[in-house]
Protein chains: 4
Amino acid sequence: MSEFSPQLPTSAIAPDRTLNAKTETWFEYPVKIYPHHTDHAGIVWHGTYLKWLEEARIEYFRSIGVNYADLVNLGCEMPVVELSLRYHRAIRLDHHEVLIKTVLKMDGVRLNWDYQIVSLDGQELYVTAQVTLVGIDAKKGKIMRQLPPDITDAITRKT
Amino acid sequence: MSEFSPQLPTSAIAPDRTLNAKTETWFEYPVKIYPHHTDHAGIVWHGTYLKWLEEARIEYFRSIGVNYADLVNLGCEMPVVELSLRYHRAIRLDHHEVLIKTVLKMDGVRLNWDYQIVSLDGQELYVTAQVTLVGIDAKKGKIMRQLPPDITDAITRKT
Amino acid sequence: MSEFSPQLPTSAIAPDRTLNAKTETWFEYPVKIYPHHTDHAGIVWHGTYLKWLEEARIEYFRSIGVNYADLVNLGCEMPVVELSLRYHRAIRLDHHEVLIKTVLKMDGVRLNWDYQIVSLDGQELYVTAQVTLVGIDAKKGKIMRQLPPDITDAITRKT
Amino acid sequence: MSEFSPQLPTSAIAPDRTLNAKTETWFEYPVKIYPHHTDHAGIVWHGTYLKWLEEARIEYFRSIGVNYADLVNLGCEMPVVELSLRYHRAIRLDHHEVLIKTVLKMDGVRLNWDYQIVSLDGQELYVTAQVTLVGIDAKKGKIMRQLPPDITDAITRKT
């Protein structure tokens, strides 16, 4: 297992699927590794993962028919309000490509995402993460009372 | 307080200062806000904070006489193995400058950093974070049994 | 394949023995636009383009059977030694996706890339760019006298 | 001399100082080198320089009493419309700190910046660059007929 952090939180690798508003299966988003992702140690710089997690969220939205840029144009922003990452193994340039896996749980105006970053064959676990977004009314600058129905309907249909 | 996340974890805003290997006071590192830090919502992109936290760690090391690049040249890498952030308030381009405050606790080969990102006058809290590094022997690719004495001595002297 | 992992249109590259070492047609690499690409003005930050140009180069190499990470492992680095960009139109988040087009001309150990960044339908031109790489022997830290034959053969076959 | 590109353009290293709207001396902005600036080759990633050039521009503005964020709030954006860089020598993490030097020439609504990135003692030249900004009226989305008087006055006083 990992040389960095051998104990994986069970909840991260086997998320609870009994809750209602949770996607049943992991959404998968592959990313290729480029020099601009790496640092002097020859591995992916730790902050790069946040870009990949963001991309996976937006592609998940796209997969259920929600276009993030359209939401923004309608005045709905979804900033990150909390995140945590655990690095299990380093990713090197010559790993070529990895898989971002995510599962979404909606909790009112909060969207909670569980993540795993794994090798394409699923045998190596590199990173586990949790990210929480909250819906903001951009005009008022305040948390929304509820997310736009288009999003909640799309998420609910898929979970 | 924050419109995003009103309840702050007490441990983050009043870290325990009774432990031995912990700096007594916050180390402060000011950063200016540039367009490349921001995103389409007009605020600092959430991943930008990881750059600032990294810079603050390296400047902390410099302040106690440890040069991070020298460590690297000696074969000691210190990758991030865990991190968590909570976003309390957005930082905009016209906030001009903020303060990264950090306090370090050494736990064997693990370095645990508590962070606050605040306004220059200390009145606004934007982000709280915790980051854990672990010392790696770059040649062996394994966790060190102990950190180089130069580091531990320097940290101990300051805590 | 996943729609999120675009197939590279290798078929777009037609053999041409008349031009010196220049691909006859543009290699095309689509990129999606994410919040981390943008800045406070709501448009793609100007430095983001360098990431996309790098990705397009590596995908071009992959399309002709050259794996960039393998080159690096063999001690061949290809740093950028010159670049120029001209920004014709801003790219916004709600442009969703654009096309990076590139054509390569080999000049000894120098690789000269011409670029256009255009809309998917080719009707809008956002950016034009030129980038020059040079082959470096990483061990010696010096410019190579000639590129590895695997690369030159692969490039010549495709041009 | 440079191993990458020994011939420096004379105009870049000895810019013409006879023109009117040109600062007489180089504005200097020091930057420290952090892991997030580097790539797998152990050197500063080529796109990182664009961040430093941006920071130097904003600090130059600040030095003549112009606050960039205030300009933005007044509806004046200054996007980059052209840039070119020549890389003379690589910058490594253990170079610790380098100097961004810039000289500004105003040409109507166009601001032309010449740059050198050098070692702190001025003996090593790493990068030369030219960047052109143009003033945009953000509301109209059009190039301004003339820059706001506050900027032109401040620039003229200093040149």
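**Entry 1: the core.** I take a nonpolar core to be a set of buried Ala, Val, Leu, Ile, Met, Phe, Trp, Tyr and Cys residues joined through C-beta atoms within 7 Å. I keep in mind that I am working with a predicted model. With that in hand I looked up the largest nonpolar core, which has 177 residues, and those with the most contacts inside it are A:L53, A:I100, B:L53, C:L53 and D:L53. I then checked which element gives the largest share of this core, and found that α2(A) does, with 8 residues. Taking C:L53 as an example, I listed its contacts beyond four places in sequence and found C:I100, C:Y115, C:A129 and C:V131.

**Entry 2: where chain A meets chain C.** I looked next at this contact, to which chain A gives 16 residues and chain C gives 16 residues. On the side of chain A, I noted that β1 (27-32), α2 (48-63) and α3 (68-73) each supply at least two residues, and that the largest share, 5 residues, comes from α2(A). I sorted the residues on that side by type and obtained 8 nonpolar, 3 polar and 5 charged. Do the copies meet through the same surface or through different ones? I found that 81% of the interface residues of chain A are also interface residues in chain C, so the copies meet through the same surface.

**Entry 3: how the two copies are related.** I superposed chain A on chain C, which takes a rotation of 180° with 0.0 Å of shift along its axis and gives an RMSD of 0.1 Å. The two copies are therefore related as by a two-fold rotation axis. In chain A, I found that the C-alpha nearest the axis belongs to A:V31, at 6.0 Å from it.

**Entry 4: a helix of chain C.** I turned to helix α3 of chain C, residues 149-158, in which C:I151, C:I155 and C:K158 are buried. Seen down the axis of α3(C), the buried residues fall within an arc of 70°, so they line one face of the helix. I noted that these buried residues pack against β4 (97-107) of chain C, while the face turned away from the buried side carries the exposed residues C:P149 and C:R157.

**Entry 5: a buried glutamate.** I ended with B:E54, which lies in helix α2 (residues 48-63) of chain B. I counted 23 other C-beta atoms within 10 Å, and B:E54 is therefore buried, the cut-off being 20 or more. Leaving out residues up to four places away in sequence, I found that B:E54 touches D:Y34, D:P35 and D:H36.

Conventions: Residues are numbered from 1 along each chain as its sequence is written. Chains are lettered from A and ligands numbered from 1 in the order in which they are written. This is a predicted model: local features need pLDDT of at least 70, side-chain atom pairs count only at pLDDT 80 or more; totals for chains, interfaces and linings use all residues. Two residues are in contact if their C-beta atoms, placed from the backbone, lie within 7 Å. Helices (H or I, at least four residues) and strands (E, at least two) are DSSP runs, numbered from the N terminus. Ala, Val, Leu, Ile, Met, Phe, Trp, Tyr, Cys and Pro count as nonpolar, Asp, Glu, Lys and Arg as charged, and the others, Gly among them, as polar. Copies are superposed by least squares on the C-alpha atoms of residues with pLDDT of at least 70 in both. A residue is buried if 20 or more other C-beta atoms lie within 10 Å of its own, exposed if 12 or fewer, and partly exposed in between; C-beta atoms are placed from the backbone. The arc is that of the directions from the helix axis to the C-beta atoms.
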